[in-house]
Structure formats: structure tokens, C-alpha cells
Amino acid sequence: MTSIRPLCAVLLALSLAGPALAASDPPSPRAAAARAPDPNAPIDLQRFMGTWYVIGRVPNFVERGHVASVNEYALRDDHKVAITYRYRNGFSEPQQEIRARASVDPDSGNHGWRTWFYRVVPTHSRVLEVAPDYSWALIGYPGREMAWIFARRPDMDKTLYKELAERLRDEYGVNTDKLKRVPQRPDQVGKRGYDGPNAR
């Protein structure tokens, strides 16, 4: 069991090395998507902190089968972030969490992140885009084989999700044929396009 923890940690780091709750009465999801953000604009790190729900992901060894996945980000120091990843293996299973730390590269406009789990070699990822109102974010990984769609709320409009998936494909070269939605509610389990839980 001990021997696989470093490997699991490295793989999980790929999913977390990216993300204040959105202001009240945000624009509609379609309106937020319509105002395409400038991917080169610096990210407001303080505003980026807080709760992000994992809405979609290319399933990987560590995250596959997780439901109700949430990332919590807290700024600890200048460009140092504490990360807590919470998830369940099934909606009847207990919540579990993994803690990590990240360093954000200010020279990248706060897009470039390095994350450490269990003191292993850091992994790198990039915040590709953030909505103008910080209601959603696209996270990528070098090589384009992994990507994530985050949101401030557990539900996302189907049209917005489709637009963000297309953006990952067209703007960043991600193979979105592998992209799966993450069940955030029990009624989503088994629906088309959703990843299945480890436990039912």
C-alpha cells in the first residue's frame, strides 16, 4: 500500500494544481461563456481562492470513480496556496480528503502552478482560462492529455458545459472524447456523459 502512495500523489497533483466564491446574482451561465476571457490576462489570485467543484475531467488513475469532488484553495503566503481535495467513492461512502501545497508563478500571470503531495517532485499545470466573473475555470496539463472544468457551483448548464468542452478542444488541443462529467448529485449517476462511481 505504501509503495503506491507516491504514484497516486503525483497523479492526483495533476488534477489540483490549478484554483472567493462568486458574487451574488452572477450573470447567467450563457452570458458568462459569451464573454470569452483573455487567456493571457493575469489571474487575480485572491479572487481565485475558495471553493471549486470539479464539473468535468479526463478521468485518470487517481480521480476515476470519485463523485462530489471539490477543491478548496486558501492563500497562505505570497503565491503559496494550501489545497484540500475532497471526494467520495460513492454517494453513500464517507467523504475523504487529501491535502497539498502549491506555488504559483507570478511571472506567468498566476497561470502556472506547481503542486506537491507527500513531498514528492512537484507537478506542473496551468490555469488556461477563468470566467470574467470567476464562476468557472479551465485547467490544463502539459501534453494536453488531461484537463478539468471547474465551477463555483455543483451544477452547470449543459450549454455552457458544451461550450467549455469545445474551447478545451479547439483552443487547447485536448482530446475531449475522453472528457467525463463528475456526478455531484446521486441522480446524475449512470447518466450519459458522466463518470461512474467506484462504489454504488
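This passage walks through the strand pairings, aromatic rings, nonpolar cores and charged pairs of a predicted model.

The strands make a handy starting point. E1 and E2 run antiparallel to each other, paired over four bridges, and Thr51 has Glu72 in E2 as its bridge partner. E2 also pairs with E3, again in the antiparallel sense, this time over eight bridges. Within that pairing, Val70 stands opposite Arg86 in E3. The hairpin of E2 and E3 has two residues between the strands, and His79 takes a positive phi there, near 65°. As a general point, side chains in a regular strand alternate between the two faces of the sheet.

Moving along to the next connection, the loop between strand E3 (80-88) and strand E4 (96-105) holds Ser92. With a relative accessibility of 59%, Ser92 counts as exposed, because the cut-off for that label is over 50%. Ser92 and Ala199 sit 107 residues apart along the chain, yet 8.1 Å separates their C-alpha atoms.

Next come the aromatic rings, with six aromatic pairs counted in the model. One of these joins Trp52 and Phe150 in a tilted arrangement, with 6.4 Å from centre to centre and 35° between the planes. Trp52 belongs to strand E1 (residues 50-57) and Phe150 to strand E8 (residues 147-151), so this pair ties together parts that are 98 residues apart in sequence. Both Trp52 and Phe150 are buried. Another pair, Tyr73 with Trp113, is edge-to-face, the centres lying 5.7 Å apart and the planes at 80°. It too links distant parts of the chain, with Tyr73 in strand E2 (residues 67-77) and Trp113 in strand E5 (residues 112-116), 40 residues apart. Tyr73 counts as buried at 4% relative accessibility, and Trp113 does as well, at 1%. Ring pairs also build a cluster out of Phe48, Trp52, Tyr73, Trp113, Tyr134 and Phe150.

Some rings have a charged neighbour too. Arg152 lies over the face of Trp52, 3.7 Å from the ring centre. Over the ring of Tyr161 sits the charged end of Arg181, at 4.4 Å from the centre of that ring.

Several of the clustered rings turn up again in the nonpolar interior. Nonpolar side chains in soluble globular proteins tend to be buried together. In this model the largest nonpolar core has 26 residues, and those touching the most other members are Phe48, Tyr73, Val81, Trp113 and Phe150. Helix H3 (45-48), E1, E3, E4, strand E6 (123-130), strand E7 (136-140) and E8 each chip in at least two residues of this core. Leaving aside residues up to four places away in sequence, the contacts of Val81 are Met49, Tyr73, Ala74, Leu75, Ala100, Arg101, Ala102, Val104 and Trp113. Apart from the largest core lies another one, made up of 18 residues, including Ile55, Ala131, Leu138 and Met156.

That leaves the charged side chains. Side chains of opposite charge can pair when their charged atoms come close, and nine salt bridges are counted here. Glu72, already met as the bridge partner of Thr51, forms a salt bridge with Arg86, with 3.9 Å between the closest N and O atoms. Since Glu72 lies in strand E2 and Arg86 in strand E3, the pair ties together parts that are 14 residues apart in sequence. Glu72 is partly exposed, at 27% relative accessible area, and Arg86 is likewise partly exposed, at 22%.

Arg185 takes part in two salt bridges. In the one with Asp155, the closest N and O atoms are 2.3 Å apart. Arg185 comes in the segment after strand E9 (180-181), while Asp155 is in the loop between E8 and helix H4 (158-172), so this contact ties together parts that are 30 residues apart in sequence. Relative accessible area is 30% for Arg185, which is partly exposed, and Asp155 is partly exposed at 42%. In the salt bridge of Arg185 with Asp187, the closest N and O atoms are 2.8 Å apart, and Asp187 is partly exposed at 41%. Elsewhere, shared partners join Glu72, Arg86, Glu97 and Arg99 into one salt-bridge network.

Notes
Residues are numbered from 1 along each chain as its sequence is written. This is a predicted model: local features need pLDDT of at least 70, side-chain atom pairs count only at pLDDT 80 or more; totals for chains, interfaces and linings use all residues. Side-chain values use heavy atoms; hydrogens and water are left out. Buried means under 20% relative accessible area, exposed over 50%, partly exposed in between (1.4 Å probe, protein chains only). Rings of Phe, Tyr and Trp (its six-membered ring) pair if their centres lie within 6.5 Å; planes under 30 degrees apart count as stacked, over 60 as edge-to-face and the rest as tilted. A charge sits over a ring if NZ of Lys or CZ of Arg is within 6 Å of the ring centre and within 35 degrees of the ring normal. Two strands pair if DSSP finds at least two bridges between them. A nonpolar core is a set of buried Ala, Val, Leu, Ile, Met, Phe, Trp, Tyr and Cys residues joined through side-chain atoms within 4.5 Å. Contact means heavy atoms within 4.5 Å. A salt bridge is a side-chain nitrogen of Lys or Arg within 4 Å of a carboxyl oxygen of Asp or Glu.
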